[in-house]
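Reader: I have a model open on my screen. Please show me how to read it, feature by feature.
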Amino acid sequence: MKLLIPLDYLTEACGLSRNIDEKVFKMNLNIAQEDLKDLLGPEFYAEIETQYNPQGDTLTAANSTLYEDYLKQYLAWWTYRDWE
């Protein structure tokens, strides 16, 4: 599974220390992404995951708006929630 947010975004959005175990981050983010897949449906989730590239702007305009305004924060906070 491709990670849809970088560790830096999680620390920024949730005010976490940058001294985070990356293995725990990845495990919790995978759980959050599985929850997101259930919400969006597998086809739409696959579309987002396929278009997402952390190095470039590869999402369609509509998917980019959804990702930037909602999905990134959803994933960050659900990852953080599972951290606790």
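Author: Start with confidence. pLDDT is the predictor's confidence in each residue, from 0 to 100. This is a predicted model, and α1 has the lowest mean pLDDT among the elements, 84. Helix α3 has the highest, 96.

Reader: What is the mean pLDDT of the protein chain?
Author: The general idea comes before the case. Where pLDDT is low, the predicted coordinates should not be read in detail. Here the chain has a mean of 89. Of its residues, 96% reach 70 or more.

Reader: Next, the fold. How many helices and how many strands are there?
Author: Four helices and zero strands. Read from the N terminus, the order is α-α-α-α. The radius of gyration is 12 Å, close to the 12 Å that the globule rule gives for 84 residues, so the chain is as compact as a globular protein of that length. The C-alpha trace spans about 35 × 25 × 20 Å along its principal axes.

Reader: What share of contacts joins residues at least 24 apart?
Author: Take the contacts between residues at least 6 apart in sequence. Of these, 69% join residues at least 24 apart.

Reader: Now the interior. What percentage of the residues is buried?
Author: Buried means under 20% relative accessible area. In this chain, 35% of the 84 residues are buried. The largest nonpolar core has 19 residues. Ile5, Leu36, Tyr67, Leu75 and Ala76 have the most contacts inside this core. Helices α1, α2, α3 and α4 each supply at least two of the core residues. The largest share, five residues, comes from α4.

Reader: Pick one of those core residues. What does leucine 36 contact, leaving aside neighbours within four places in sequence?
Author: Leucine 36 is in contact with Tyr45, Leu71, Tyr74 and Leu75.

Reader: And which residues of helix α1 are buried?
Author: Tyr9, Leu10, Thr11 and Cys14. Glycine 15 follows α1, and its phi is positive, near 65 degrees.

Reader: Let's turn to charges. How many salt bridges does the structure hold?
Author: Again, the idea first. Side chains of opposite charge can pair when their charged atoms come close. This structure holds two salt bridges. One joins lysine 37 and glutamate 34, at 3.9 Å from N to O. The cut-off is 4 Å. Both residues lie in helix α2, three residues apart, about one turn of the helix.

Reader: Where is the other pair, glutamate 68 and lysine 72?
Author: In helix α4. The two residues are four apart, so about one helical turn separates them. Their side chains meet at 3.2 Å, N to O.

Reader: Is lysine 72 buried or exposed?
Author: Lysine 72 counts as buried because its relative accessibility is 15%, and the limit is 20%. Its partner, glutamate 68, is partly exposed at 42%. In the α2 pair, lysine 37 is partly exposed at 26%. Glutamate 34 is also partly exposed, at 36%.

Reader: One polar residue to finish. Where is glutamine 51 placed?
Author: In helix α3, which covers residues 42-51. Glutamine 51 is buried, since its relative accessible area is 18%. A polar atom of the glutamine 51 side chain lies 3.0 Å from the backbone nitrogen of threonine 60.

Reader: What else does glutamine 51 touch, not counting residues up to four places away in sequence?
Author: Besides Thr60, glutamine 51 touches Thr58, Leu59 and Asn63.

Key:
Residues are numbered from 1 along each chain as its sequence is written. This is a predicted model: local features need pLDDT of at least 70, side-chain atom pairs count only at pLDDT 80 or more; totals for chains, interfaces and linings use all residues. Side-chain values use heavy atoms; hydrogens and water are left out. Buried means under 20% relative accessible area, exposed over 50%, partly exposed in between (1.4 Å probe, protein chains only). A polar contact is a pair of N or O atoms within 3.5 Å; within protein, one must be able to donate a hydrogen and the other to accept it, and residues adjacent in sequence count only if both atoms are side-chain atoms. Contact means heavy atoms within 4.5 Å. A nonpolar core is a set of buried Ala, Val, Leu, Ile, Met, Phe, Trp, Tyr and Cys residues joined through side-chain atoms within 4.5 Å. The radius of gyration is taken over C-alpha atoms; the globule rule is 2.2 Å times the number of residues to the power 0.38.
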